[in-house]
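User: I should like to learn how to read helices and internal cavities in a protein model. Please take me through a case.

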Amino acid sequence: LALVYGGEQGLPYLTKDGVTVFQNLQSNDHFTNSIISIIREASEKTAKEAGDGTTTTALMALEMLNNPESERAVSDMIKAIQSNKKSISGIEDVYKIALASTNNDEVAAGIVRDAYKYSDNVVFEKKAGISETNCLEETGSKFYSTYLDRTFITSPSSNEARQDNALVMVIDGKLTAMSQIETALKFAVQESRPLVIVAEHITVDLMRLLRSNHINGAVSVLPIKSPGMARYRKEYLNDICTITGATLNEVTPNFTYVKPTSLGSADKVTANIDEVIVCGTESPQERIDELTTQIGLTTDDYEKELLEKRIGALSGKVSIIEVGGSTPVEMNELFDRIEDAVLAVRAGYQDGVVTAGNSLYDVTGFEFFKHLPSTELLVPSKVLTCAVINANSVTKQIRNLGSIVLPKYLWNIK
């Protein structure tokens with residue numbers, strides 16, 4: 001565990017998460033800060049793509065900075081990992097991944113497993129005021145879209161933006177002026193609720209104003225790109241209107257501004273770089289029945305596939321993990337581990353999993369070293385420390401960067 005100062009309200013922040021450490025790490029030396037920035041970027045990319053393993057990424061990035069020639073290992077290591085990966089085969093695989101990411105916490109791993117038993121759509125939140133961590137099961141709809149600007153991200157480590165108990169504005173077209181949404185923004189302020197804006201595009205000047213209001217705390221906003229393309233976009237917007245109770249605002253030459261009466265509501269809206277999950281306040285069943293009827297009437301296979309996807313999105317389920325703790329420090333530390341576990345499982349479903357530890361490092365090390373000239377084996381610690389770091393040598397690596405445990409077969413390669 002690492003103790004990082006300068007957390008919420010100036011309290012110490014206890015975490016095992018590598019990316020969190022580097023996000024809070026600073027130096028008085030400008031050159032050192034440049035190195036920290038590079039390693040931070042590498043860790044953040046790992047958090048985004050794989051969910052976990054950010055500490056390993058930091059160690060490997062540091063070694064590659066110290067020894068640029070070690071970059072030659074990357075392509076061989078990737079090939080070795082790809083050839084050894086497998087798909088998640090069941091809920092027990094989810095538990096094993098979560099167990100590793102939560103630092104062998106069986107209770108936390110069990111909560112993550114239970115969340116994935118109910119739904120593949122899992123979100124997580126800090127819940128102040130409760131000492132236990134719970135898993136709630138709710139209905140929610142998933143759309144393949146994303147936020148329109150990174151400023152509105154609420155969880156930097158997972159690149160997610162989230163708003164609860166939100167008003168929802170649905171726009172068919174592009175927003176170009178503050179006058180178009182000013183009345184709705186004022187209404188959101190009066191109601192003390194965030195405003196989620198679903199639109200095809202928001203102009204640079206208007207987005208700048210929204211960022212300013214959001215950062216200054218005047219009103220919480222989450223702009224989301226309209227899902228779908230071409231003529232199908234409007235259908236997806238109507239789906240969102242159905243589950244939120246919103247009225248679709250069409251930007252025509254006669255359009256003036258969004259009326260508060262056209263706004264819908266959502267218990268939760270979560271957006272990441274690939275998808276948006278909307279937990280609406282209205283039942284989607286009537287809309288689902290309508291789409292089911294359309295499937296029976298169409299003869300176009302592509303149209304049928306799209307209708308089936310929309311039904312699946314509308315009838316989706318969402319698991320919500322509420323992370324609690326006896327103290328803010330305890331809650332934050334557990335939240336980091338739960339977040340790692342959920343994101344690691346999510347990445348596993350997308351890209352597959354591999355057996356970690358010495359067996360993987362032996363494979364990747366062998367795949368690289370078998371291609372090296374024998375002369376380069378004389379200085380393996382300078383050539384590829386990062387390729388053969390394993391669970392038995394991490395402590396030594398931290399205490400003495402020149403010390404490393406190498407698989408025995410490396411000394412027999414010719």
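Analyst: The following turns treat a helix and then a cavity. This is a predicted model, in which local features need pLDDT of at least 70, side-chain atom pairs count only at pLDDT 80 or more, and totals for chains, interfaces and linings use all residues. Residues are numbered from 1 along each chain as its sequence is written, and side-chain values use heavy atoms, with hydrogens and water left out.

User: How many residues has helix 9, and which of them are buried?

Analyst: An α-helix has 3.6 residues a turn, so residues three or four places apart point the same way. Helices are DSSP runs (H or I, at least four residues), numbered from the N terminus. Helix 9 (residues 232-244) has 13 residues and reaches 19 Å from first to last C-alpha, close to the expected 18 Å; that expectation is 1.5 Å times one less than the number of residues. Its buried residues (under 20% relative accessible area, 1.4 Å probe, protein chains only) include Y236, L237, I240 and I243. Just after helix 9, G245 takes a positive phi of about 80°.

User: What lines the largest cavity?

Analyst: Rolling a probe the size of a water molecule over the atoms shows where empty space is left. On a 1 Å grid over the protein atoms alone, a cavity is a set of points where a 1.4 Å probe fits but cannot get out, and lining residues have an atom within 4 Å of a point. The largest cavity has a volume of about 70 Å³, taken as the space filled by probe spheres set on the points. Among its lining residues are F143, V196, K225 and, from helix 9, I240.

How values were computed: Helices (H or I, at least four residues) and strands (E, at least two) are DSSP runs, numbered from the N terminus. Buried means under 20% relative accessible area, exposed over 50%, partly exposed in between (1.4 Å probe, protein chains only). On a 1 Å grid over the protein atoms alone, a cavity is a set of points where a 1.4 Å probe fits but cannot get out, and a pocket is an open set with protein on both sides within 12 Å along at least five of seven lines; lining residues have an atom within 4 Å of a point.
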